Amino acid sequence: MTIWHTLGIAPTSDTRAIKLAYAARLKQIDPEQDLAGFQSLREAYEQALATPQEQAPAAGDFPALLAFDSIGAAPVPLVPPLPPPRPRRQPPAAARPPFSSLPALPELPLDAPLAQPLVLDLEPESEAALAQQHSQRWLPGPRPQSYATARPQLRPGPQPPAPEAAAAMLCQALEHLPAEQRGAELARRYRQPGWGNGAFRAGLETAIVRALEEDFEQRWQLVPAFSGALAWTSRGGEDLPDQAAIQRLLNRYVARKWRRQFDQWSQEDPMVRALLLVSGPVDEARFTTFARHRSHVEGMQEVLRHLAKTPFLADYEFNAAAVRWWTDYCRNAPPAAAPATAKARPAAARDAWQPRQRWYTGLSFNKVLLVLLVLLFWIARLADYVRTS
């Protein structure tokens, strides 16, 4: 059997006809079931392509292979067609084990955070490349590169800034936002790439507390936003990086908020004037002048009662020496005498008094209006008379 029998065509030098015959025969052979037939077909295909065009035998050199019904009729190949391929046997599908019998997944070592984030870059092949690979799976030649052989490329992700720079950046961003939008902005900032590292977050929290304490006069209103986002009030002392500094910052914010509620009050209010006195240095002459008025002393006593209920208010917003001076003064000062009351008149004299009756006391509104209209009428008549005379 020659190569042309294997290919099932007459001898020819047409490369396209050889390739078409090879492709047609390849569809009828299963390489997995008939490996020898596939190898012989492959060898015949390669030999047919390697035959020079000038050495290709003519169709008349093979009379035993071809038969002619008559002169001029088309040649009919005597090579019988190959039988159709047998259906491929599918191996029986193994029963899927239940999930309960599957082994547990291995635990990943993620207890310690990564030193830096990793970004996974995959370049999957396109749908056109996958379709081309599927159509060329039985064709000769080298196989295209498959996406299964691709290797992921790991490269370091973006590095977060220094904790001090990140804290200053957060404070500057929140200062220009309304109070109701600061929590959402903090949550968005903390989701940035590289900000999820535990060591970085601990350093950032310490830097935030330090930045708020250093510029408390300008940033004291940012304390609730950071406290809510970082859960300063709900976390335990062991979880906080610097519990003493955070507690001091929270107390200072409470004292400032309590002090600012009196900014809307009148400056002449005794309690507001008492707050101004205890906020400044000790001045006994000024204090003594202020204490001459009973209302001023009562306002100062009200301020001292608030300070006694919340002792840390005096540590941040007021002068401790001035608070002690007024505490001693209010404790040792004698109680002021009650103001004298007006002398009450006898009941008989109070009942005998009657208001004086006037001529217009019993007039109603309608009567008064009528009198005015009459006066205007006669004034107009008088003016006409004077003008005509």
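# Exercises on side-chain contacts and burial

Glutamate 217 counts as partly exposed, at 47% relative accessibility. Here buried means under 20% relative accessible area, exposed over 50%, and partly exposed in between, with a 1.4 Å probe and protein chains only. The model is predicted, so local features need pLDDT of at least 70 and side-chain atom pairs count only at pLDDT 80 or more, whereas totals for chains, interfaces and linings use all residues. Residues are numbered from 1 along each chain as its sequence is written, and side-chain values use heavy atoms, with hydrogens and water left out.

**Exercise 1. State which parts of the protein the salt bridge of arginine 256 and glutamate 217 ties together, and classify arginine 256 as buried or exposed.**

Step 1. A salt bridge requires a side-chain nitrogen of Lys or Arg within 4 Å of a carboxyl oxygen of Asp or Glu. The side chains of arginine 256 and glutamate 217 meet this with an N to O distance of 3.0 Å.

Step 2. Place the partners: arginine 256 is in helix H10 and glutamate 217 in helix H8, so the bridge ties together parts 39 residues apart in sequence. Helices (H or I, at least four residues) and strands (E, at least two) are DSSP runs, numbered from the N terminus.

Step 3. Arginine 256 has 7% relative accessibility and counts as buried.

**Exercise 2. Describe the salt bridge of glutamate 185 and find how far apart its residues lie in helix H6.**

Step 1. The partner is arginine 188, and the closest N and O atoms are 2.8 Å apart.

Step 2. Helix H6 spans residues 182-190 and holds both residues, 3 residues apart, about one turn of the helix. An α-helix has 3.6 residues a turn, so residues three or four places apart point the same way.

Step 3. Glutamate 185 is buried at 16% relative accessible area, while arginine 188 is partly exposed at 41%.

Step 4. Put the pair in context: the structure holds 13 salt bridges. Another one joins arginine 259 to aspartate 263, with the closest N and O atoms 3.8 Å apart. Arginine 259 counts as buried at 15% relative accessibility, and aspartate 263 as partly exposed at 39%. Elsewhere, Glu175, Asp215 and Arg219 are joined into one network by salt bridges that share partners.

**Exercise 3. Classify the aromatic pair of tryptophan 220 and tyrosine 253, then that of tryptophan 326 and tyrosine 329.**

Step 1. Rings of Phe, Tyr and Trp (its six-membered ring) pair if their centres lie within 6.5 Å; planes under 30 degrees apart count as stacked, over 60 as edge-to-face and the rest as tilted. A search of the whole structure finds 14 such pairs.

Step 2. Tryptophan 220 and tyrosine 253 are 5.9 Å apart centre to centre, with 40 degrees between the planes, and the pair is tilted. Tryptophan 220 is in the loop between helix H8 (216-219) and helix H9 (223-230), and tyrosine 253 is in helix H10 (residues 243-260), so this contact ties together parts 33 residues apart in sequence. Tryptophan 220 counts as buried at 9% relative accessibility, as does tyrosine 253 at 17%.

Step 3. For tryptophan 326 and tyrosine 329, the ring centres are 5.6 Å apart and the planes are at 80 degrees, so the pair is edge-to-face. These two residues lie 3 apart in helix H15 (residues 320-332), separated by about one helical turn. Tryptophan 326 is buried at 0% relative accessibility; tyrosine 329 is partly exposed at 29%.

Step 4. Extend the second pair: ring pairs link Phe287, Phe290, Trp325, Trp326 and Tyr329 into a cluster.

**Exercise 4. List the buried residues of helix H11 and name elements that cover them.**

Step 1. H11 runs over residues 270-279, and its buried residues are Met271, Val272, Ala274, Leu275, Leu277 and Val278.

Step 2. Their cover includes H10, helix H12 (284-290), helix H13 (294-309) and H15.

Step 3. At the N-terminal end, aspartate 269 caps H11, with a side-chain oxygen 2.9 Å from the backbone nitrogen of methionine 271.

**Exercise 5. Give the number of helices and strands in the protein, and the share of its residues that count as buried.**

Step 1. The protein has 17 helices and 4 strands.

Step 2. Of its 389 residues, 23% count as buried.

Terms used: Contact means heavy atoms within 4.5 Å. A polar contact is a pair of N or O atoms within 3.5 Å; within protein, one must be able to donate a hydrogen and the other to accept it, and residues adjacent in sequence count only if both atoms are side-chain atoms.
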